[in-house]
Amino acid sequence: MTLIFGIVFFVLAKFGFPVITEMVDKRAKHIEQSLQDAAKWFLKAAEAGLPDAQFNVALMYENGLGTDQDPTETGKWLARAAEQGFEPALQHITRMYNKR
């Protein structure tokens, strides 16, 4: 049901309904702030050595979620998680390598 409302709001905003456009803009800003907050806390946990947090930080840098995209940081955090044997990080590195 939420998805349907989201689609309706997006379509209405796209066609220039100012109230809806303003609502969509406010929601987008809220989501971006939430991602930035998440990135901050994941980074703290990653720096403390938690491999699942290291993996999440890598994905955030890879996709530019809550932070700028940064391939160097992506690789650094993936490597740290993989060095601890974190299986999702190992699988992600394998998929990245196989795409080459």
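## Pro 71 and the start of helix 4

Pro 71 is found in helix 4, an element that spans residues 71-83 of what is a predicted model. With a relative accessible area of 70%, Pro 71 is exposed, because that value lies over the 50% cut-off used for this class. Although Pro 71 and Tyr 61 are 10 residues apart along the chain, their C-alpha atoms are separated by 7.1 Å.

A second pairing of positions with this spacing in sequence involves Glu 62 and Thr 72, which are also 10 residues apart along the chain and whose C-alpha atoms are separated by 9.1 Å.

## Confidence and overall make-up

The protein has a mean pLDDT of 84, and 72% of its residues reach 70 or more. Among its elements, helix 4 has the highest mean pLDDT, at 97, whereas helix 1, covering residues 2-14, has the lowest, at 63. Where pLDDT is low, the predicted coordinates should not be read in detail.

The protein contains five helices and zero strands, so that from the N terminus on its elements run α-α-α-α-α, the assignment resting on DSSP runs. Of its 100 residues, 20% count as buried. When contacts with a separation of 6 or more are considered, residues 24 or more positions apart account for 38% of them.

## The salt bridge within helix 4

The count of salt bridges comes to one, and the pair concerned is Lys 76 with Glu 73, whose closest N and O atoms are 3.3 Å apart. This pair qualifies because the separation of 3.3 Å falls within the 4 Å limit set for a side-chain nitrogen of Lys or Arg and a carboxyl oxygen of Asp or Glu. Side chains of opposite charge can pair when their charged atoms come close.

Both partners lie in helix 4, where Lys 76 and Glu 73 are three residues apart, about one turn of the helix. Their accessibility classes are not alike: Lys 76 counts as partly exposed at 32% relative accessibility, while Glu 73 is buried, with a relative accessible area of 18%. Glu 73 receives the label buried because its 18% is under the 20% cut-off.

## Thr 74 and Ala 82 in helix 4

Thr 74, another residue found in helix 4, is buried, with a relative accessible area of 4%. Leaving aside residues up to four places away in sequence, Thr 74 touches Ala 58, Tyr 61 and Glu 62.

Ala 82 also lies in helix 4 and is likewise buried, with a relative accessible area of 14%. Apart from residues up to four places away in sequence, Ala 82 touches Ala 89, Leu 90 and Ile 93. The C-alpha atoms of Ala 82 and Pro 51 are separated by 7.8 Å, with the two residues 31 positions apart along the chain.

## Glu 62 and its neighbours

Glu 62 lies in helix 3 and is partly exposed, its relative accessible area being 24%. The partners that Glu 62 touches, not counting residues up to four places away in sequence, are Gln 69, Thr 74, His 92 and Met 96. The contact with Thr 74 links Glu 62 to a residue of helix 4.

## Packing of helix 3 on helix 5

Helix 3, which covers residues 51-63, packs against helix 5, which covers residues 87-99, at an angle of about 35 degrees and with the axes 10 Å apart. The crossing in which helix 3 passes helix 5 is left-handed. From helix 3 the contact is made by Phe 55, Leu 59 and Glu 62, and from helix 5 by Pro 88, Ala 89, His 92 and Met 96.

By character, the residues of this contact divide into five nonpolar, one polar and one charged. The charged one is Glu 62 and the polar one is His 92, because Glu is classed as charged and His falls among the residues classed as polar. Two of the helix 5 residues in this contact, His 92 and Met 96, are also among the partners that Glu 62 touches.

Definitions and conventions:
Residues numbered from 1 in each chain as written. Predicted model: local features only at pLDDT ≥ 70, side-chain atom pairs only at ≥ 80, totals over all residues. Heavy atoms only, no water. Helix = DSSP H or I, 4+ residues; strand = E, 2+ residues; numbered from the N terminus. Buried < 20%, exposed > 50% of the residue type's maximum accessible area, 1.4 Å probe, protein only. Contact = heavy atoms within 4.5 Å. Axes fitted to C-alpha atoms, helices over the stretch in contact; angles between N-to-C directions. Left-handed = near helix turned anticlockwise from the far one by under 90°. pLDDT = per-residue confidence, 0-100.
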